[in-house]
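Student: I would like to learn how to read a few features of a model. Can we go through them one at a time?

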Amino acid sequence: MEAALAEELGEIAQQSTTMKVHNQVPGGVHCSGELIDSYRINLHSRIASRVLMRMAVTGYKTENDIYDLVLAQSWEDWFTYDHTIRVDVTAVKSPLKSLEFTTLKIKDAICDRFRDMYSKRPSVDTREPDMRIVGFLDAHQFIIYLDTSGEALFKRGWREETGDAPLRENLAAGLLRVAGWKPGMPLFDPMCGSGTILCEAAQMVQGVPPGARRRFAFEAFNDFDPAPWQEMKNAIKPNPLPSEPTIFGSDISGDMVAMTRHNLRAAGIMFDVPLKQIEAQEVKAPTEQPGIMLTNPPYGERIGVRGDSSLGEDELAKSFYSDFSGTLKQRFAGWTVYLFTADLGLPKMLRLKESRKTPFFNGALECRLFRFDMVAGFNRREAAKPKEA
């Protein structure tokens, strides 16, 4: 999602005179600015997982080089020994043998600095720390960051209920951006699960920033000034509520439809998002104007919620996608359909040729966002085909 994040950061930077977006790197995007720009990204970014502030960078050969760099940083400018800390390290092609030992050396350096200065040291809390310190190693370089976000940004502060395999909120937002959806366009998720895609889209329609309902680590920094932060939040201007629905959802499970309804309320959505309990193979286009269908179809056992239990999993999937393909061709002419799945053989099961596929990772799972253009005339061609005896 680096390209999608870079594009979003460019839009956020337009609200600032000091923020600049630089290069994309695997797993992130570099940008620069004043500390207040980190507040802005935390508040407005739907796609970022965390906003990390780079403290220092060095070449290294051993763990001692890393210890020395971390010890030299003025951690006391940012937090006190009363704060709890957590250290995380990620590495790509690092020659060091143990990341656990490197993590320990970083923690020791921070604690030693406080002990040398104040004879007291911060405690470690791996579950709910006040401050997160992040180290990154490649083959030659070590970078140390202080996390300005706290809890990961996909935790918007509204989700209470999820299904078996919910999408993360920032992944849903990334999928919406890559699909080219914008508020005002019709959007339909026919397998909405707990409603993550619908909640993200509805907040965008309403003009609710993703970080409006939660707290951040930077609010606990030593010199945090609440006034500009409050001013930034006060400047949020919600959009006028739509008079006609443009976002629609459905699911085979009534429990999931109820959960989506609950999550939309929890996310502060104040307009109608029509939801139906219906099998995906039976759905019809919810608007006359073609729009975007974006969904994360179930795979494996989830397909069998109400399926024929005498059929094997593969047969169930084949039967489901064969029926769903017919529905798309006959009822969604002119729509652009995006299916996000870990099943890379999906187009074959649908008997459709994708016009684009974008690789994504959902955690460690390699996925694809498949795009299918349902050109008008599909249904006429299907109807004209000779029926099989």
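Tutor: We take one arginine, then a helix pair, then a domain record. Keep in mind that this is a predicted model.

Student: Where does R156 sit in the chain?

Tutor: Start with the flanking elements. R156 lies in the loop that runs between β7 (141-147) and α5 (169-178).

Student: Is R156 buried or exposed?

Tutor: Buried means under 20% relative accessible area. R156 is at 1% relative accessibility, so it counts as buried.

Student: Which polar partners does the side chain of R156 have?

Tutor: Look for N or O atoms within 3.5 Å. The side chains of R156 and E200 share a polar contact of 2.9 Å. A polar atom of the R156 side chain also lies 2.9 Å from the backbone oxygen of L153.

Student: Which residues does R156 touch beyond four places away in sequence?

Tutor: They are S45, R46, E169, N170, A173, E200, P210, R213 and R214.

Student: Now the helices. How do α2 and α7 pack?

Tutor: Read angle, distance and hand. Helix α2 (residues 35-44) meets helix α7 (residues 226-234) at about 35°, with axes 11 Å apart. The crossing is right-handed. From α2 come I36, Y39, R40 and L43; from α7, P228, W229, M232 and K233. By class, six of the contact residues are nonpolar, two are charged and none is polar.

Student: What does UniProt place at residues 37-148?

Tutor: An unreviewed UniProt entry puts "domain: THUMP" there. In the model, residues 37-148 are 33% helix and 29% strand. The end C-alpha atoms of that stretch are 11 Å apart.

Terms used
Residues numbered from 1 in each chain as written. Predicted model: local features only at pLDDT ≥ 70, side-chain atom pairs only at ≥ 80, totals over all residues. Heavy atoms only, no water. Helix = DSSP H or I, 4+ residues; strand = E, 2+ residues; numbered from the N terminus. Buried < 20%, exposed > 50% of the residue type's maximum accessible area, 1.4 Å probe, protein only. Polar contact = N/O pair within 3.5 Å; in protein donor to acceptor, adjacent residues only side chain to side chain. Contact = heavy atoms within 4.5 Å. UniProt positions renumbered as here; feature names shortened; annotations may be inferred. Axes fitted to C-alpha atoms, helices over the stretch in contact; angles between N-to-C directions. Left-handed = near helix turned anticlockwise from the far one by under 90°. Nonpolar A, V, L, I, M, F, W, Y, C, P; charged D, E, K, R; others polar.
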